[in-house]
Amino acid sequence: MWKDPNADTEWNDILRKKGILPPKDDPEKEHETLEDEIIQNQQSVVKRYEDMTLDELEENEDEFGEEDERAIEMYRQQRIAEWKAKQMKKVFGEVLEISGSEYVQEVTKASEELWVILHLYKQGIPICALINRHLSELAKKFPETKFIRAISTTCIPNYPDRNLPTIFIYRDGDIKAQFVGPLVFGGMNLTKDELEWKLSCSGAIKTELEENPRQQIEDKMMSSIRTSAPKDIDSEED
């Protein structure tokens, strides 16, 4: 009569001790072994893909098995996130000159990932030249922000000169702030710090200035006027 060698009987235990029957299967040990294999596979996958670039993942995609798909997708998303992070921190450091045909790509689309400051100007207008000088310095100070300039009529046909200088600040494909005309900037007395403060109010740059420099100048001027003003004379002395 056939007897199950895996049956939990006293006779089978004796046979196992004698080495006649193989050791009884241990479900818990099998489970632990399976977990160990899974962990080892995962570690080997991590070691295999963790150093791959997006291009390398694409090139080797046909060689991956179904069990690798989850790891592949995980690392692909990780690499994409790293690429986006690098784009967000991309160093510019200078003012880029563009033409009208580049407007959508360099301004609207670029602002989907980062802040873009666009200066519309014309040559021969002194305050436009002044702002271009200030922006060149600010571009070096805030390299994570994209600074752009363009001759006004190349981007907006028939744009009136009376509106110059004009600064548009873009983010997420839309205009978040705008400064139009010389009066908004305070004329030729505009300093770099004042312009920095204006731009920072939109969030495009993170200034270390604690307050509006223009306000400081105005307060000093008013204080000077009050100090130099003649004192009131009593009516009796008159």
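These legends walk through several close-up views of a predicted model.

**Figure 1. The whole protein at a glance.** Let's start with the overview: the protein contains 10 helices and five strands. Of its 238 residues, buried ones make up 30%. About 16,700 Å² of the protein is exposed, with carbon and sulfur atoms supplying 50% of that area. Among contacts between residues at least 6 apart in sequence, 61% join residues at least 24 apart.

**Figure 2. Helix 1 and its two sides.** Helix 1 covers residues 10-18, and its buried residues include Asn12, Leu15 and Arg16. These three sit on the same side of helix 1, because they cover an arc of only 100° around the axis. Turn to the other side of helix 1 and you will find Glu10, Lys17 and Lys18, which are exposed. Just after the helix comes Gly19, with a positive phi near 85°.

**Figure 3. The five-stranded sheet.** In what order do the five strands of the open sheet lie? Reading across, the order is 1-3-2-4-5, and the pairing is mixed. Strand 1 (95-97) and strand 5 are the edge strands, each pairing on one side only. On average, neighbouring strands of this sheet are turned by 25° against each other, direction ignored.

**Figure 4. Strand 2 and its two partners.** This view follows strand 2, residues 116-121, which pairs with strand 4 in the antiparallel sense over five bridges. Within that pairing, Leu118 stands opposite Phe168 of strand 4. Strand 2 is also joined to strand 3 (residues 146-151), here by six bridges, and these two strands run parallel. For Leu120, the bridge partner in strand 3 is Ala150.

**Figure 5. Strand 4, covered on both faces.** How many of the six residues of strand 4 are buried? The count is six of six for this strand, which spans residues 166-171. One side carries Thr166, Phe168 and Tyr170, while the other carries Ile167, Ile169 and Arg171, and all of these are buried. It is worth pausing at Arg171, which is one of the buried residues in this strand.

**Figure 6. The hairpin of strands 4 and 5.** Strand 5 (residues 174-180) pairs with strand 4 in the antiparallel sense, over six bridges. Look for Ile169, which stands opposite Ala177 in strand 5. Two residues lie between the strands of this hairpin, and Asp172 takes a positive phi near 60°.

**Figure 7. Helices packed against the sheet.** Helix 6, made of residues 126-141, lies across strand 1, strand 2, strand 3 and strand 4. Its direction runs at about 160° to strand 2. Helix 9 packs on the sheet as well, touching strand 2, strand 3, strand 4 and strand 5. The direction of helix 9 makes about 40° with that of strand 4.

**Figure 8. His134 and its surroundings.** His134 has its place in helix 6. Is this histidine, His134, buried or exposed? His134 counts as buried, because its relative accessibility is 11% and the limit for that class is under 20%. Which residues does His134 contact, leaving aside its neighbours within four places in sequence? They are Leu190, Thr191, Lys192 and Leu195.

**Figure 9. Met188 in a loop between two helices.** Met188 lies in the loop that connects helix 8 (182-185) and helix 9 (192-200). With a relative accessible area of 47%, Met188 is partly exposed. Apart from its neighbours within four places in sequence, Met188 is in contact with Pro126, Ile127 and Leu130. Another residue to look for is Ala129, 59 residues away from Met188 along the chain. The C-alpha atoms of Met188 and Ala129 are separated by 10.0 Å.

**Figure 10. Two cysteines in contrasting settings.** Cys128 is buried, with a relative accessible area of 0%. Cys201, on the other hand, is exposed, at a relative accessible area of 57%. How many disulfides does the model have? With a disulfide taken as a pair of cysteine sulfur atoms within 2.5 Å, the count comes to zero.

How values were computed: Residues are numbered from 1 along each chain as its sequence is written. This is a predicted model: local features need pLDDT of at least 70, side-chain atom pairs count only at pLDDT 80 or more; totals for chains, interfaces and linings use all residues. Side-chain values use heavy atoms; hydrogens and water are left out. Buried means under 20% relative accessible area, exposed over 50%, partly exposed in between (1.4 Å probe, protein chains only). Helices (H or I, at least four residues) and strands (E, at least two) are DSSP runs, numbered from the N terminus. Two strands pair if DSSP finds at least two bridges between them. Contact means heavy atoms within 4.5 Å. Accessible areas come from the Shrake-Rupley method with a 1.4 Å probe; for residues, only the protein chains shown count as cover. The arc is that of the directions from the helix axis to the C-beta atoms. Axes are lines fitted to C-alpha atoms, for helices over the stretch in contact, and angles run from 0 to 180 degrees between N-to-C directions.
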